[in-house]
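Work through the exercises below with the sequence and the model open. Try each task before reading its solution.

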Amino acid sequence: MTAPATLARRLGLFDAVMIGLGSMLGAGVFVAFAPAARAAGDALLVSLAIAAVVAFCNATSSAQLAARYPTSGGTYFHGREELGPWPGFLAGWCFVIGKTASVAAMALTAAAYLVPDAWQRPAAVAIVWALAAANLRGITRTARITRLLAFTLLAVLALVVALGWTGGGASGPSHPTPTSALGILQGAGLLFFAFAGYARIATMGEEVVEPRRTIPRAIVLALGIALMVYLAVGTTLLHTLGARALGASTAPVASLVQAVDADRASPLVRLGAAAAAVGAVLNLMTGIGRTSLAMAREGDLPRALAVIEPVHQVPRRAELTLAGVVTVLVLLTDLRGAIGFSSFGVLLYYFVANAAAWHQSEDRRYPSFLQGLGMALCLLLVATLPWTSVVAGVAVLATGAVGRLIVRHGSCEARTE
């Protein structure tokens, strides 16, 4: 039996950092702040700090595991190696379903900044298929597009921060918004959606040059840069809009521009917001494709998805299948529901990552108390998510587990015949 085809190592440290950063920033700046502000009120930055602590614990676990196992699949593969097939499957399935929901959320976000309401869902579908076509051209093409989008975004965000602190119309409401411990934790759970992009680096471990050295550095660097950007933009949004108006907005950055009477900057800001969301979609689809490839190799997804296209070295079938599923989600789901559902899946994914890193005996890089804290905080934030997101997540997890049992049972019967 021949060994399965592998992906080519073409990504250096800079490209890996930009892919992680591009995956995070679109979600954090243009989506997660509004629902988090509705939950946490004036304590939004406290929620951000909690989400950052959870993300740091998870990032160190991912970095430690990726240095030990530099292959496609991220925590799916790490969980299988350290904890066994079922924890690995749980992580992989959570990642695939959670991030597929994220792709739908980001595609809808990009469309919201580009076209009128009536055209948003068709535009989002067009964005998904255009980016799927770009991914099919190879990982270096993905990295080049990511760099362009990320630099565009950072320039626009610098302009937004400057407008928020110097614009003549900047004034949030003087009365405080209600805050509770549950609201703060729920806000942290929703903001965690903004930090999860660094996982993309680990899922592409098979395509990174010198992965044992590059992946841990790239994960920590991407997370640190994203946190600084989130603090700057989150503080500016609160200063300019106030928590109440921020929570009510469907496009917070555009609302900021309107609040400071900077109408001339509005088209540029909308273009930057769309670029950020498009970058997130591009890199999310890349990570899901690689995790699906790893799961298909082990038979946890249909093995037909494990085929690597030889010219561009990409999992073509997995990428096309993903685009089809996301199309259905874009046509049927709403944005806030996608964020909560995504947070549910990704938090459980990182619970497995922390548990696997806790269990890891070789190539340890970080103290085990970080992994224990990460496990506890992941479960705590899951418990505070909107109940509809938790119910939907549990139902999809149960469906995946039943599907795996059926597939495995069928495979065993086929081997015995």
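**Burial and overall make-up**

Buried residues, meaning those under 20% relative accessible area (exposed is over 50%, partly exposed in between; 1.4 Å probe, protein chains only), account for 59% of the 417 residues in the chain. The model is predicted: local features need pLDDT of at least 70, side-chain atom pairs count only at pLDDT 80 or more, and totals for chains, interfaces and linings use all residues. Residues are numbered from 1 along each chain as its sequence is written, and side-chain values use heavy atoms, with hydrogens and water left out.

**Exercise 1.** State how many helices and strands the chain has, and examine helix α2.

Step 1. The chain has 15 helices and zero strands; these are DSSP runs numbered from the N terminus (helices are H or I, at least four residues; strands are E, at least two).

Step 2. Helix α2 covers residues 44-68, which is 25 residues. From first C-alpha to last, α2 reaches 36 Å, close to the 36 Å expected at 1.5 Å a residue (the expected span is 1.5 Å times one less than the number of residues).

Step 3. Because 18 of its 25 residues are buried, α2 is largely enclosed by the rest of the structure.

**Exercise 2.** Decide whether His78 is buried or exposed, and find what it touches.

Step 1. Locate His78 in helix α3 (residues 75-82).

Step 2. His78 has 1% relative accessibility, so it counts as buried.

Step 3. Leaving out residues up to four places away in sequence, His78 touches Leu65, Ala66, Tyr69, Leu83 and Ala356; contact means heavy atoms within 4.5 Å.

**Exercise 3.** Find where the partners of three salt bridges lie: Arg68 with Glu362, Arg80 with Asp300, and Arg290 with Glu319.

Step 1. A salt bridge is a side-chain nitrogen of Lys or Arg within 4 Å of a carboxyl oxygen of Asp or Glu. The structure holds five salt bridges.

Step 2. Arg68 and Glu362 meet at 3.2 Å, N to O. Arg68 is in helix α2 and Glu362 in the loop between α13 (335-359) and α14, 294 residues apart. Arg68 is partly exposed at 25% relative accessibility, and Glu362 is partly exposed at 44%.

Step 3. Arg80 and Asp300 meet at 3.4 Å, N to O. Arg80 lies in helix α3 and Asp300 in the loop between α11 (266-297) and α12 (316-332), so the pair ties together parts 220 residues apart in sequence.

Step 4. Arg290 and Glu319 meet at 2.9 Å, N to O. Arg290 belongs to helix α11 and Glu319 to helix α12, 29 residues apart. Both Arg290 and Glu319 are buried.
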